[in-house]
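I opened my notebook to look through one structure, topic by topic. Here is what I had on screen.

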Amino acid sequence: MSTVDDFLKREYEKVIPSFSIPDNPASFQSWKESVRKELRRKLCIDEKPSFGDVSVISEEDCGSYVRKRMTFSMDGLVCPFYLLVPKEKPAALVLALHGHGIGVKDAIGLCDAESYQKKFALRLCEEGFAVVAPELLGFGDMRLDEDKESDDSNSCHRLAMNLLFEGKTLLGMRVQEARCSLTIASSVFPSLKRGVMGISGGGTVATFLTALSDDISAAVISGYAGFFRTSILAMHHCVCNYVPRLLQSFELPTILSSIAPVPMLWESGDKDPIYPQKVAEEASVIVGKCYRLLGHEEAFSCDFFSGEHEIHGVKAYRFLKDNLR
């Protein structure tokens, strides 16, 4: 007798994604453009998001760096972000994308408790990078009023469901928000190379943003890379991860491969229960083959470490320095 588990497995196996990685380097760029067009369609986003009303809300001298809290408007929504600027000349500009939790303040060091994010945005600044860190939609100050009042950690569920019902996606909104934040910060530092580092849900945004961008020179994806079938489709995950009919076009390694030849590093802990390391290892074989096809094998690397679902940083900060000089 077939079980519900069997049913889900069969339904997954019925879907054959329409996009496969090319085996001819000459066709890679045109394939990449097709991937981008399809990703924008699935995420329900425009090629170039519009924004306005950029404001500096506060500025604080933090010793070795200056922390600015800024906002911009997008689709009538006021979107806050932080800009951390070392007092020494910045080595590059890095977009830091937080995951689930209390929001961006966790990543930039404005909370006392330690978490899986290990204040990585602040650490990037301490490493000499100018850092732009947006408060992603659904977290912190970007929660619904009802969730702020009840102190729920996020507003992902209601936001995602409403946006899906209206023909949009929460992931698409976050990608656009991150892109606008980076564009604004880049206008402050026009000569600096741009990189991105994201953990968990921030790693999701970093993956899709980098796949859609021409102006990111290096990417660190922490606690996300792998396969949909053995991560978000294999266990309970936040609804913000799901995009309607995405699997009809892509499995995750295809999206990650489209980032090539941009330098990319993955972090994955061997005790990560929601994005398993063995899955990341399996996916890395596929993505590594794509980088070799393009003659850029050295541009792709992985930090498979002993640890939980968390920022590691041992290779990541050096990787960004080496590739954003």
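These entries go from the core to the strands, then to the charged pairs and the rings.

**Entry 1: the core**

Before anything else, I noted that this is a predicted model. I then looked up the largest nonpolar core, which has 77 residues. Which of its members touch the most others? I found Leu39, Phe208, Met264 and Trp266. Next I checked which element gives the most to this core, and the answer was helix α7 (residues 170-188), with nine residues. Apart from this core lies another one, made of 28 residues. Among them I wrote down Phe120, Leu124, Val131 and Tyr317.

**Entry 2: around tryptophan 266**

I picked Trp266 for a better look. What does it contact, once its neighbours within four places in sequence are left aside? My list for tryptophan 266 reads Ile221, Ala225, Leu256, Ala280, Ala283, Ser284, Val287, Phe300, Ser301, Cys302 and Asp303.

**Entry 3: serine 268**

I looked for serine 268 and found it in strand β8 (residues 264-269). Is serine 268 buried or exposed? Its relative accessible area is 4%, so I put it down as buried. Skipping neighbours within four places in sequence again, I listed the contacts of serine 268 as Tyr275, Pro276, Gln277, Ala280, Asp303, Phe304 and Phe305.

**Entry 4: strand β6 and its partners**

Strand β6 (residues 194-199) turned out to be mostly covered, since five of its six residues are buried. I followed its pairing both ways. With strand β4 (residues 93-97), β6 pairs in the parallel sense over five bridges. One spot I checked there was alanine 96, whose bridge partner in β6 is methionine 197. With β7, β6 also has five bridges, in the parallel sense. Here I found glycine 195 opposite alanine 218 in β7. How does the chain get from β6 to β7? I traced it through α8, and this β-α-β crossover is right-handed. A reminder to myself: in a regular strand, side chains alternate between the two faces of the sheet.

**Entry 5: charged pairs**

Side chains of opposite charge can pair when their charged atoms come close. I wanted to know how many salt bridges there are, and the count comes to 18.

I started with aspartate 214 and arginine 36, whose side chains meet at 2.8 Å, N to O. This pair links distant parts of the chain, 178 residues apart. Aspartate 214 sits in the loop between α8 (201-212) and β7 (218-222), while arginine 36 is in helix α2 (residues 28-43). The two partners are covered to quite unlike degrees: aspartate 214 has 67% relative accessibility and so counts as exposed, but arginine 36 has a relative accessible area of 4% and is buried.

Next came arginine 69 and aspartate 141, a salt bridge at 2.9 Å, N to O. Arginine 69 is in strand β2 (residues 65-74) and aspartate 141 in the loop between β5 (130-134) and α5 (145-150), so this pair ties together parts 72 residues apart in sequence. Aspartate 141 came out as partly exposed, with a relative accessible area of 37%.

The next pair was lysine 119 with glutamate 114, at 3.7 Å, N to O. I noted lysine 119 as partly exposed, at 23% relative accessibility, and glutamate 114 as exposed, with a relative accessible area of 61%. I also found that salt bridges with shared partners join Glu33, Arg36 and Asp214 into one network.

**Entry 6: rings**

My count of aromatic pairs in the structure was seven. One of them is phenylalanine 28 with tryptophan 31: the pair is tilted, with 5.3 Å centre to centre and 45 degrees between the planes. Why are they about one helical turn apart? It is because they are three residues apart in helix α2. Both phenylalanine 28 and tryptophan 31 are buried.

I then checked tyrosine 291 and phenylalanine 300, which form a stacked pair, 5.4 Å centre to centre and 20 degrees between the planes. Tyrosine 291 is buried at 0% relative accessibility, and phenylalanine 300 is buried at 11%. My last note was on a cluster: ring pairs link Phe51, Phe72 and Phe81.

Terms used
Residues are numbered from 1 along each chain as its sequence is written. This is a predicted model: local features need pLDDT of at least 70, side-chain atom pairs count only at pLDDT 80 or more; totals for chains, interfaces and linings use all residues. Side-chain values use heavy atoms; hydrogens and water are left out. A nonpolar core is a set of buried Ala, Val, Leu, Ile, Met, Phe, Trp, Tyr and Cys residues joined through side-chain atoms within 4.5 Å. Buried means under 20% relative accessible area, exposed over 50%, partly exposed in between (1.4 Å probe, protein chains only). Helices (H or I, at least four residues) and strands (E, at least two) are DSSP runs, numbered from the N terminus. Contact means heavy atoms within 4.5 Å. A salt bridge is a side-chain nitrogen of Lys or Arg within 4 Å of a carboxyl oxygen of Asp or Glu. Two strands pair if DSSP finds at least two bridges between them. A crossover is right-handed if, with the strands pointing away from the viewer, the path from the first strand over the helix to the second runs clockwise. Rings of Phe, Tyr and Trp (its six-membered ring) pair if their centres lie within 6.5 Å; planes under 30 degrees apart count as stacked, over 60 as edge-to-face and the rest as tilted.
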